[in-house]
Amino acid sequence: MGSVRKASAWLGLVEDNDERYYDDEYNDGPETGTGNHAWVTDPRVQVAAEAAEEQDRRIATVTPDSFRDARAIGELFRDGVPVIVNLTAMDPADAKRVVDFAAGLIFGLRGSIDRVATRVFLLSPADTKVVAGEAAGRKADGFFNQS
């Protein structure tokens, strides 16, 4: 696979032919909107409860249908809220426009963008640190090191 193809696959603009990491049979079912969650005007943008907002621990999830929904992403990110953008429901042309918009956001506001999954991205503001899962939480001399 060429470097341009790899970059396009990383951005989620083309299908990744590398099947080693995907399980087609996995389906976690539909998400329900019930629970102790505060909903904002757009039901596709779910923000954590008010207690998390007071402690500045909010993360927003946006699943845009078209490029018109990019404004919600920009407003949340501008307010300093990390945003998870799920582009799986969009056609590839609009998804590319949203990725370009997100790239402009992170450049202008000195943030960062990380790919979480195929066509799912995390936009992090400048003051947010993203920690990789395993290496950050495990000590070398922990419980499982019984030598």
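In this predicted model, Arg119 sits in the loop that links strand 5 to strand 6. These two strands form a hairpin with two residues between them. The phi angle of Arg119 is near 65°, a positive value in a residue other than glycine. Is this turn residue buried or exposed? Arg119 has a relative accessibility of 12%, and it counts as buried because the cut-off for that class is under 20%. Leaving aside residues up to four places away in sequence, Arg119 touches Gly12, Val85, Asn86, Leu87, Thr88, Met90, Asp91, Pro92 and Ala95.

A second arginine makes a helpful companion to this one. Arg110 lies in the loop between helix 4 and strand 5, and it also has a positive phi, about 60°, although it is not a glycine. With a relative accessibility of 69%, Arg110 counts as exposed, because that class begins over 50%.

From the hairpin turn, the chain can be followed into strand 6, which spans residues 120–124. Five of its five residues are buried. Both faces of the strand are covered, with Val120, Leu122 and Ser124 on one side and Phe121 and Leu123 on the other.

Which strands pair with strand 6? Strand 5 (residues 112–117) runs antiparallel to strand 6 and is joined to it by five bridges. Strand 4 (residues 83–86) is also antiparallel to strand 6, with four bridges between them. Phe121 takes part in both pairings: it is the bridge partner of Arg115 and also of Val85.

A residue from another strand can be placed relative to strand 6 as well. Thr61 belongs to strand 3 (residues 60–62). Thr61 and Leu122 are 61 residues apart in sequence, while their C-alpha atoms are 9.1 Å apart in space. Thr61 counts as partly exposed because its relative accessibility is 33%.

The next topic is the nonpolar core. In soluble globular proteins, nonpolar side chains tend to be buried together. Here, the largest nonpolar core has 18 residues, and those touching the most other members are Ile73, Phe77, Val83, Val85, Leu87, Val98 and Leu123. At least two residues of this core come from each of strand 3, helix 3 (70–78), strand 4, helix 4 (92–108) and strand 6. Helix 4 gives the most, with six residues. Ile73 offers a good example of how distant parts of the sequence meet: beyond residues up to four places away in sequence, Ile73 touches Val62, Pro64, Val83, Val85, Val98, Leu105 and Leu123.

Finally, how many cavities of 30 Å³ or more does a search of the whole structure find? The search finds one. The largest cavity holds about 40 Å³ of space. Its lining is made up of Ile73, Val85, Leu87, Val98, Val99, Ala102, Ile113, Phe121 and Leu123. By class, the lining has nine nonpolar residues, with no polar and no charged ones. Helix 4 and strand 6 each supply at least two of the lining residues, and helix 4 gives the most, with three. Several names return here from the paragraphs above. Phe121, the bridge partner of Val85, lines the cavity, as does Val85. Ile73 is another lining residue, and it is also among the core residues that touch the most other members.

Notes:
Residues numbered from 1 in each chain as written. Predicted model: local features only at pLDDT ≥ 70, side-chain atom pairs only at ≥ 80, totals over all residues. Heavy atoms only, no water. Buried < 20%, exposed > 50% of the residue type's maximum accessible area, 1.4 Å probe, protein only. Pairing = 2+ DSSP bridges. Contact = heavy atoms within 4.5 Å. Core = buried A, V, L, I, M, F, W, Y, C linked by side-chain atoms within 4.5 Å. 1 Å grid on protein atoms, 1.4 Å probe; cavity = no way out; pocket = protein on both sides within 12 Å on 5 of 7 lines; lining within 4 Å. Points joined across faces, edges and corners; volume = space filled by probe spheres on them. Nonpolar A, V, L, I, M, F, W, Y, C, P; charged D, E, K, R; others polar.
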